[in-house]
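Student: Please take me through one part of this model slowly, and then show me a few other places worth visiting.

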Amino acid sequence: MIEIFQILLTESFWAASLRIATPLIFGVLGALICEKSGVLNLGIEGIFVAGAMAGWMAVWLGTGLWGGVVVAAIAGGFFGLIHAILTVTLGLSQHVSGLGVTLFATSVSYFSYRTALPKVSSPPRIEPFRPLEIPILSELPFIGTVLFQQTALTWLALFMVGLVWYVMNRTGLGVAIKAVGDNPNSVDAQGLSVYGLRIGAIVVGSALMALGGAFLTMSAFDAFFFGMVNGRGWICIALVIFASWKPGKALLGALLFGAFDALQVRMQTEVGAKVPSQVFLAAPYVLSIVALVIAARRAEYPRALLTPWFKGQR
Amino acid sequence: MTSSPVLILDGLSKSFGSVRAADAISLKLFTGEVLALLGENGAGKTTLMNMLFGHYMPDSGKIEIIDGSGHAKPLQLGNPQASIAAGIGMVHQHFTLAENLDALDNIMLGSESFIHLRRNKSQAIRKIQKIMNDSGLVAPMDVAVGRLTVGERQRVEILKALYQDVNILVLDEPTAVLTPQEADKLFENITAMTKNGLSVIFISHKLREVLAFSNRIAVLRHGRKVGEISSKEANERKIARLMVGEETKVFSKKELQVGEPVLEVDNLTISGSSKRESLSNISLSVNKHEILGIAGISGNGQTVLANAISGLVKSSSGKIKIDGKNILTNDPSNIIQAGVGRIPEDRHKDGIVGQMSVAENMIIEDLNDGKVQSRGLLNHEAIMRHCSNLSSKYDVRGPGPNASARLLSGGNIQKLILARVFEASPKLILANQPTRGLDMGAAADVANRLLEARQRGSGVILISEDLDEILSLSDRIMVIYDGKLRMAETHDRETLGLMMAGEAA
Ligand SMILES: Nc1ncnc2c1ncn2[C@@H]1O[C@H](COP(=O)(O)OP(=O)(O)OP(=O)(O)O)[C@@H](O)[C@H]1O
Ligand SMILES: [Mg+2]
């Protein structure tokens, strides 16, 4: 017990929590936008891989870091578009299409990596995003280390939380997205395009998801590995429900998971000798499930989630 | 009417598979006129209006809009946006509201540009306030639509259409869920708006309001226009003949000696999360051979009362006895077993399982019956036989026993439910708004079935907003207002109307 409190008081623990949370923030926001419009996007896991791979590859080929971010977003949007055409235009099963996109995006990414670098045994490194040292603020005790030594991508993620909240709650576009996820007929009756809104939401949401992947190769690490996404996309799918589709709560959920994970690593070194390490590795997931069970009981799903809509049908 | 046309529908046709829902229909609408569109369930009224509004793409035909200076412009077909831009507003038969948004958001939806970063809500509220004043329709703007009553939702739908600055307003059964008083008020205000050049097409199954408020009547049957008459020359018999090609069935109520009580509700109290989900100290009894009518404006506790008797909500205090035996509340299967047959208010949602077949829906309440299963395995042939027997006995028409139940028209869904309920020979029938949205023929069928059940010895609770229906069928009448139930001593429209509004003593 004492050890936990000691860990909670360290700056590095909080800094790590925020760092671990960053890709999840992108992912949850992306999933939230898709689901608010009425479409579940299980392509998220593969879109993470595609974003990680495409962003890193672009930088390695010399686009510069921000160029890499743009390329990652475009790659995410591309796979989102595939999902959108399958589920919105053709009205196919969102589960099957999403899992298909995950398999497809993952394989395409691995394939391109292998094709570009056939003979490499240790993955080539790029120069990743550096912590943004903000004069004076970075010197502050505690806060300085936790907040002001994160990379630009973490700041972008936090900014996105605010932006998504604003668009969803303060603009006509947000109202239309929420409406199309509740009752597509309401949107159709007002002369708006159900297809357009949904496809747009999925493409934008998927681009955000891809930034979560890009953070892994361009900020958390400096290279692309197989299996590096490691279930983060799935975690985001659970976190959206935990957040009951609200951007603010999505941030909270991502931070909570980040904190569990950071704590887990530190506990391993503290008491690792007595308890098998697998217990710690599993802990964040177990805790997430518990949190989800508590939160999801009250969750109000977007009413039209999973239901395809066709023009001119009852 | 000496005025000029504003809208010309020319030879519109539309088929769905083998169903010819609209067959070369031509129709003119004149400036400032109220045109009523009549026809049985499935006659094609909604289909025709959906083509006008661009929801459906016609197979053939064209639509012209005549502007103020007399120029006829063809309307781009199959595009709601073009119809809205041409000044057409439509109130749909089934709500097109997003329930997670409040009324204001629903009304503003689509009328603001997506690239604007700020919304001008106060300006919208001012405009809506003005429309509310002009139309007499009031609804709360800041409550999520999912928490509004059906009556309030209906008003929001109409406000939403008026908000778009329409000069042609289409109302598809706008009064199906309104009380007679609300309906009259709505039409008075619409008549007033026609003075300023609004032209209206409305669809209704209620002949009283059609005769009172329309200038002209067009009748559809099986997808064709079969007649047009001026409302002055029309009467109920003439219209009925046009609609169904025959006189409507009349029903007669025999005097019967009532038997012992089948349902006794004693001091039932439910404290729900909102006022309309609460009941206070409800006591009532229904006897064999008796129809108890419960009149009231929707949202006054009818739904909870029906749910409580069906075991769908838990009561805070009070007792329910069926056939003299106390029953566990909050246990629907127990209550079905005790002999209660339910005709639910929302037939699409609570009456059938839309994705399941017609045959499956017919047997869904008696899966343990030896007729349809043995040792837990369903007997497919027996089910099909059962279904085709009942379909012919109760005149359920549709695409066949294997089709999904949701494809049936509203009237046929109701007949399916009636078949299921009646075949179980229930002691008590709980009918909640059983004829809402049904055409005259189908409504008469329902009424006849309820009278037949009364004859056979069932007790019936008839919850309805339709005073004519309550008055013609009930042996005793109670009025529900604000979660409280009162016996009506005299059976006349005025007194009942006042009690429904919570006024009279
Ligand atoms: N989108 C659709 N897909 C398949 N069939 C349809 C569709 N819309 C209407 N129909 C069929 O077309 C016919 C006409 O239906 P419509 O809804 O226009 O009738 P209506 O006159 O409005 O009836 P009601 O009084 O019950 O509202 C019916 O047989 C209906 O089943
Ligand atoms: Mg209709």
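Student: Which side chain of opposite charge is nearest to B:Lys160, and how far away is it?

Tutor: Happy to help! This is a predicted model, in which local features need pLDDT of at least 70 and side-chain atom pairs count only at pLDDT 80 or more, while totals for chains, interfaces and linings use all residues. Residues are numbered from 1 along each chain as its sequence is written, chains are lettered from A and ligands numbered from 1 in the order in which they are written, and side-chain values use heavy atoms, leaving out hydrogens and water.

The side chain you want is B:Glu157, 4.0 Å away from B:Lys160. Lys and Arg count as positive and Asp and Glu as negative, with His and the chain ends not counted. B:Lys160 is buried yet has no salt bridge. Here buried means under 20% relative accessible area, exposed over 50% and partly exposed in between, with a 1.4 Å probe and protein chains only. A salt bridge needs a side-chain nitrogen of Lys or Arg within 4 Å of a carboxyl oxygen of Asp or Glu.

B:Lys160 sits in helix α5 (residues 150-163) of chain B; helices are DSSP runs of H or I with at least four residues, and strands are runs of E with at least two, numbered from the N terminus. Setting aside neighbours within four places in sequence, B:Lys160 has contacts (heavy atoms within 4.5 Å) in both chains, including A:Ser186, A:Gln190 and B:Thr96.

Now to the magnesium ion (ligand 2), which B:Thr46 (OG1) and B:Gln93 (OE1) coordinate at 1.9 to 2.1 Å. These two lie 47 residues apart, B:Thr46 in helix α1 (residues 45-53) and B:Gln93 in the loop between β6 (88-91) and α3 (103-108) of chain B. Donors are N, O and S atoms within 2.8 Å of the metal (3.2 Å for Na, K and Ca), and water is not among the atoms, so sites may look incomplete. B:Thr46 is partly exposed at 24%, and B:Gln93 is partly exposed at 28%.

Helix α14 (residues 410-423) of chain B is another good stop. Twelve of its 14 residues are buried, so α14(B) is largely enclosed by the rest of the structure. Those buried residues pack against several elements of chain B, among them α13 (380-394) and α15 (440-456). Just after α14(B), B:Ser425 takes a positive phi of about 40°.

Finally, the whole structure has zero disulfides, a disulfide being a pair of cysteine sulfur atoms within 2.5 Å. For A:Cys34, the nearest cysteine sulfur belongs to A:Cys236, 11 Å away.
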